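Please work through the following exercises with the sequence and the 3D structure side by side, and try each task before reading its solution.

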Amino acid sequence: MKTTDTPKPAAEHAAPATARADKPLEFLSFTLGAEEYGIDIQKVQELRGYDAVTRIANAPEYIKGVVNLRGIIVPIIDMRVKFNLGTPSYDQFTVVIVLNIGGRVVGMVVDSVSDVITLTPEQIKPAPQMGSVLDTDYLIGLGTVDERMLILVDIGRLMSSDEMGLVEAIA
């Protein structure tokens, strides 16, 4: 009997290895504008309120600057600016999610943080192919819980991309 390799859906390529083992995954959900996103909770070091940052000359607009977090200089990325979702506003709900990705500490500014959501692999659907309109390389897929839909971001891949490699140079 001859077997042929069938192409795997995009979500299976992008999903963390644990997703393929039929284990539930936990995502920290946050909002940017009207949309709800999710990132792997294991990459989250801590949550902080938004404080003033020290600007870095010639840094891209989405890099708000750096903060000193217990002796570690942490670059702060505004995800609303990064994803081109309009002018950010900073209020009592604005949160900095401090991430630890590959031993590097990075902060990302989001409008608000909701909760931690557990998703089974069946609840994660592949991101639709949008051509050149939207770069889906950084998306794990779309997670659905009841009436909610989360855009699941592969935050490790996004933060270590060539474009965001600027973070390494600043840090």
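## Exercise 1: Strands and their partners

In this predicted model, strand β1 (residues 25–32) pairs with β8 in the antiparallel sense, over six bridges.

**Task.** Place this pair in its sheet, and find which strands stand at the edges.

**Solution.** Begin with a residue from each partner: E26 stands opposite T118 in β8. Next, extend the view to the whole sheet, which is open, has six strands in the order β8-β1-β2-β11-β10-β9, and shows mixed pairing. The edges are then β8 (112–119) and β9 (124–125), each of which has a single partner strand, so that one side of each is left without a neighbour in the sheet. As background, the strands of a sheet pair through backbone hydrogen bonds, and they do so either parallel or antiparallel.

## Exercise 2: A salt-bridge network

**Task.** The structure holds six salt bridges; which residues are linked with R148 in a network of them?

**Solution.** Take the contact with E36 to start with: the side chains of E36 and R148 meet in a salt bridge of 2.4 Å, N to O. This pair links distant parts of the chain, since E36 is in strand β2 (residues 35–40) and R148 in strand β11 (residues 148–153), 112 residues apart. As for accessibility, E36 counts as buried because its relative accessibility is 15%, under the 20% limit, whereas R148, at 29%, counts as partly exposed.

Then look for a further partner of R148, which also forms a salt bridge with D115, where the closest N and O atoms are 3.2 Å apart. Here R148 lies in strand β11 and D115 in strand β8, so the pair ties together parts that are 33 residues apart in sequence. D115 counts as partly exposed, at 31% relative accessibility. Putting the steps together, E36, D115 and R148 are linked in a network of salt bridges.

Another of the salt bridges is formed by the side chains of D154 and R157, at 4.0 Å, N to O. In this pair D154 is buried, with a relative accessible area of 15%, while R157 is partly exposed, with a relative accessible area of 37%.

## Exercise 3: Aromatic pairs

**Task.** The structure holds three aromatic pairs; describe the pair of F30 and Y37 and that of Y50 and Y90 by centre distance and plane angle, and say where Y50 and Y90 lie.

**Solution.** A pair of aromatic rings is described by the distance of the centres and the angle of the planes. For F30 and Y37 these values are 5.6 Å centre to centre and 15 degrees between the planes, and the pair is stacked. Both rings belong to buried residues, F30 at 1% relative accessibility and Y37 with a relative accessible area of 7%. Ring pairs also bring in F83, so that F30, Y37 and F83 are linked into a cluster.

The pair of Y50 and Y90 is likewise stacked, at 4.4 Å centre to centre and with 10 degrees between the planes. It links distant parts of the chain, with Y50 in the loop between β3 (44–49) and β4 (63–69) and Y90 in the loop between α2 (79–82) and β6 (95–101), 40 residues apart. Y50 counts as partly exposed at 23% relative accessibility, and Y90 counts as partly exposed at 34%.

## Exercise 4: A buried acid and its surroundings

**Task.** Is D78 buried or exposed, and which side chain of opposite charge is nearest to it?

**Solution.** Locate D78 in strand β5 (residues 72–78) before anything else. D78 is buried, and the nearest side chain of opposite charge is that of K64, 4.7 Å away. Since a salt bridge requires the nitrogen and the carboxyl oxygen to be within 4 Å, D78 has no salt bridge. D78 does, however, have a polar contact of 2.5 Å, which joins its side chain to that of Y90.

**Task.** Where does E61 lie, and what separates its C-alpha atom from that of I77?

**Solution.** E61 is in the loop between β3 and β4, and it is exposed, with a relative accessible area of 60%. The C-alpha atoms of E61 and I77 are separated by 9.0 Å, the residues being 16 apart along the chain.

**Task.** Which residue lies over the face of Y62?

**Solution.** K82 does, at 5.0 Å from the ring centre.

Key: Residues are numbered from 1 along each chain as its sequence is written. This is a predicted model: local features need pLDDT of at least 70, side-chain atom pairs count only at pLDDT 80 or more; totals for chains, interfaces and linings use all residues. Side-chain values use heavy atoms; hydrogens and water are left out. Rings of Phe, Tyr and Trp (its six-membered ring) pair if their centres lie within 6.5 Å; planes under 30 degrees apart count as stacked, over 60 as edge-to-face and the rest as tilted. Buried means under 20% relative accessible area, exposed over 50%, partly exposed in between (1.4 Å probe, protein chains only). Helices (H or I, at least four residues) and strands (E, at least two) are DSSP runs, numbered from the N terminus. A charge sits over a ring if NZ of Lys or CZ of Arg is within 6 Å of the ring centre and within 35 degrees of the ring normal. Two strands pair if DSSP finds at least two bridges between them. Lys and Arg count as positive and Asp and Glu as negative; His and the chain ends are not counted. A polar contact is a pair of N or O atoms within 3.5 Å; within protein, one must be able to donate a hydrogen and the other to accept it, and residues adjacent in sequence count only if both atoms are side-chain atoms.
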